[in-house]
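Subject: A structure to look through

Dear colleague,

Here is the structure that I promised to hand over. Please open it beside this message, and then read on for what was found in it.

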Amino acid sequence: MNIYVGNMSYNVSESMLRETFEEYGSVDTVNIITDRDSGRPKGFAFVEMKDDGQARAAIEALNGTDLEGRNLSVNEAKPRAPRPTGGSRW
DNA sequence: GTTGAGCGT
């Protein structure tokens with residue numbers, strides 16, 4: 001399951017996020033989003049967990065909790081938006 | 001500071 005983690009502090013790194021989620025299950029990947037044009041953090045991240053039960057547990061456990069002085073928003077992630085000028089040739 | 005990317009991996 002993909003997990004969205006928003007309202008993050010810029011002090012948290014991917015390893016910190018991973019360790020935080022590892023408390024509730026096995027983390028597959030963690031991906032902190034940075035602005036590709038400016039290279040600065042966007043303040044949110046995605047965590048992928050293979051086990052849905054563990055993912056849900058992590059979401060309920062970590063949503064609304066404080067991390068590095070920021071209140072986290074954790075919930076299931078939505079699929080990435082399709083880009084304009086990409087994919088289809090129609 | 002709130003829903004990710006990239007040009008042939």
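How far does a polar side-chain atom of tyrosine 4 lie from a base oxygen of DNA strand B? The distance is 2.8 Å, which falls within the limit for a polar contact (a pair of N or O atoms within 3.5 Å; within protein, one must be able to donate a hydrogen and the other to accept it, and residues adjacent in sequence count only if both atoms are side-chain atoms).

Before going further, please keep in mind that this is a predicted model, in which local features need pLDDT of at least 70 and side-chain atom pairs count only at pLDDT 80 or more, while totals for chains, interfaces and linings use all residues. Residues are numbered from 1 along each chain as its sequence is written, chains are lettered from A and ligands numbered from 1 in the order in which they are written, and side-chain values use heavy atoms, with hydrogens and water left out.

The chain as a whole

Chain A contains two helices and six strands, where helices (H or I, at least four residues) and strands (E, at least two) are DSSP runs numbered from the N terminus. Along the sequence these elements follow the pattern β-α-β-β-α-β-β-β, and the C-alpha trace spans about 45 × 30 × 20 Å along its principal axes. Of the 90 residues in chain A, 30% are buried; buried means under 20% relative accessible area, exposed means over 50%, and partly exposed lies in between (1.4 Å probe, protein chains only). If we take contacts (heavy atoms within 4.5 Å) between residues at least 6 apart in sequence, 60% of them join residues at least 24 apart.

The surface near the DNA

There are 19 residues around DNA strand B, and those that come nearest are Tyr10, Arg36, Arg70, Arg80 and Arg83; a residue is near a strand if one of its heavy atoms lies within 4 Å of it. By class, this surface has eight nonpolar, five polar and six charged residues, where Ala, Val, Leu, Ile, Met, Phe, Trp, Tyr, Cys and Pro count as nonpolar, Asp, Glu, Lys and Arg as charged, and the others, Gly among them, as polar. Of the strand B atoms within 4 Å of the protein, 34% belong to sugar or phosphate, and the rest belong to bases.

Two further polar contacts involve the bases: an N or O atom in the side chain of tyrosine 10 is 2.7 Å from a base nitrogen, and a polar backbone atom of lysine 78 is 3.0 Å from a base nitrogen. The elements that give two or more residues to this surface are strands S1 (2-6), S2 (27-34), S3 (41-49) and S6 (73-76), and the largest share, three residues, comes from S3. Arginine 83, one of the residues that come nearest, sits in the segment after S6 and is exposed, because its relative accessible area is 60%.

Some residues in the loops

Serine 9 lies in the loop between S1 and helix H1 (14-22), and it counts as buried because its relative accessible area is 10%. The side chain of serine 9 reaches the backbone nitrogen of asparagine 11 at 3.1 Å, and, leaving aside neighbours within four places in sequence, serine 9 is in contact with Leu67, Glu68 and Arg70.

Asparagine 63 is found in the loop between helix H2 (52-62) and strand S4 (66-67), and it is partly exposed because its relative accessibility is 39%. The side chain of asparagine 63 reaches the backbone nitrogen of valine 74 at 2.9 Å; these two residues are 11 apart in sequence, and their C-alpha atoms are 4.4 Å apart in space.

Most residues other than glycine have a negative phi. Asparagine 7, in the loop between S1 and H1, nevertheless has a positive phi of about 60°, and glutamate 68, in the loop between S4 and strand S5 (70-71), has a positive phi of about 55°.

With best wishes
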